[in-house]
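The following exercises practise the reading of a protein model, from strand pairing to salt bridges. Please attempt each task before turning to its solution.

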Amino acid sequence: MNIDICQLVDLPKINDRRGNLTFVESGRHIPFDIRRVYYLYDVPGGAERGGHAHKKLHQLIIAMSGSFDIHLDDGHSKKVVHMNRSYYGLYVCPMIWREIDNFSSGAVCMVLASDYYEEEDYYREYAEFKKDVNKEAP
Ligand code: TYD
């Protein structure tokens with residue numbers, strides 16, 4: 001998988017005097033059906049999350065509040081995306097190593113995922129991930 005597939009999705013934003021409303025629809029804004037939602041919050045200053053890749057899982061990551069940085073790595077190329085708006089989602093396809101850091105105080109990181117939690121879908125060791133990336137396209 002190529003890191004260029006991982007792009008920011010500009011989600012709809014309905015604005016009126018009562019505030020903003022944003023929504024995400026499977027198949028319209030993201031190329032997968034949502035089966036699970038989880039979120040990171042009360043992250044202490046300096047902490048890092050992620051540090052893994054998925055074999056098959058698709059995800060959309062949204063900064064619901066505050067900000068953080070997402071570091072993406074497809075085994076060949078890397079990029080960093082700063083997240084600080086609730087109407088942007090970062091689509092992360094399978095076979096991408098990700099690390100999330102630089103959380104602001106009060107940051108909430110919501111993840112929409114294409115499947116239930118399955119530890120077998122994870123690469124927790126970078127070397128193992130890199131070995132399989134090289135098997136696909138050395
Ligand atoms: P972990 O993968 O370390 O979180 P992060 O991606 O933020 O670094 O997950 C922390 C723990 O939570 C780990 O024991 C697995 C568990 N977990 C679930 O039980 N269900 C889930 O949906 C997720 C994402 C994690």
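**Exercise 1. Determine how strand β11 is paired and how well it is covered.**

Step 1. Strand β6 (residues 59–65) and β11 run antiparallel and are joined by 6 bridges. Strands here are DSSP runs of type E with at least two residues, helices are runs of H or I with at least four residues, and both are numbered from the N terminus. Two strands count as paired if DSSP finds at least two bridges between them. The model is a predicted one, in which local features need pLDDT of at least 70 and side-chain atom pairs count only at pLDDT 80 or more, while totals for chains, interfaces and linings use all residues. Residues are numbered from 1 along each chain as its sequence is written, and side-chain values use heavy atoms, with hydrogens and water left out.

Step 2. Within β11, Ala 113 is the bridge partner of Gln 59.

Step 3. Strand β4 is also joined to β11, by 5 bridges, and these two run antiparallel. Here Arg 36 stands opposite Ala 113.

Step 4. Of the 6 residues of β11 (residues 108–113), 5 are buried, and the strand is thus mostly covered. Buried means under 20% relative accessible area, exposed over 50%, and partly exposed in between (1.4 Å probe, protein chains only).

**Exercise 2. Identify the buried side of helix α1 and what it packs against.**

Step 1. In α1 (residues 126–136), the buried residues are Phe 129, Asp 132 and Val 133. They lie on the same side of the helix because they cover an arc of only 105 degrees around its axis. The arc is taken from the directions between the helix axis and the C-beta atoms.

Step 2. The other side of α1 carries the exposed residues Ala 127, Lys 131 and Lys 135.

Step 3. The packing partners of the buried residues are β5 (49–54), β7 (68–73), β10 (97–101) and β12 (122–123). A contact requires heavy atoms within 4.5 Å.

**Exercise 3. Compare the surroundings of two residues with positive phi that are not glycines.**

Step 1. Asp 42 has a positive phi of about 50 degrees and is placed in the loop between β4 and β5. Its relative accessible area is 69%, so Asp 42 is exposed.

Step 2. Met 95 has a positive phi of about 60 degrees and lies in the loop between β9 (88–92) and β10. Its relative accessible area is 6%, so Met 95 is buried.

**Exercise 4. Locate three salt bridges and describe the residues that form them.**

Step 1. A salt bridge is a side-chain nitrogen of Lys or Arg within 4 Å of a carboxyl oxygen of Asp or Glu. By this rule the count is 5.

Step 2. One of them joins the side chains of Arg 35 and Asp 115 (3.1 Å, N to O). Arg 35 lies in the loop between β3 (19–22) and β4, and Asp 115 in the loop between β11 and β12, so the pair ties together parts that are 80 residues apart in sequence. Arg 35 is partly exposed at 48%, as is Asp 115 at 25%.

Step 3. Another joins Arg 124 and Glu 119 (2.8 Å, N to O). Arg 124 is partly exposed at 40% relative accessibility, and Glu 119 is partly exposed at 31%.

Step 4. A further salt bridge links Asp 132 with Lys 135, the closest N and O atoms being 3.0 Å apart. Both residues belong to α1, 3 residues apart, about one turn of the helix. Asp 132 counts as buried at 18%, whereas Lys 135 counts as exposed at 62%.
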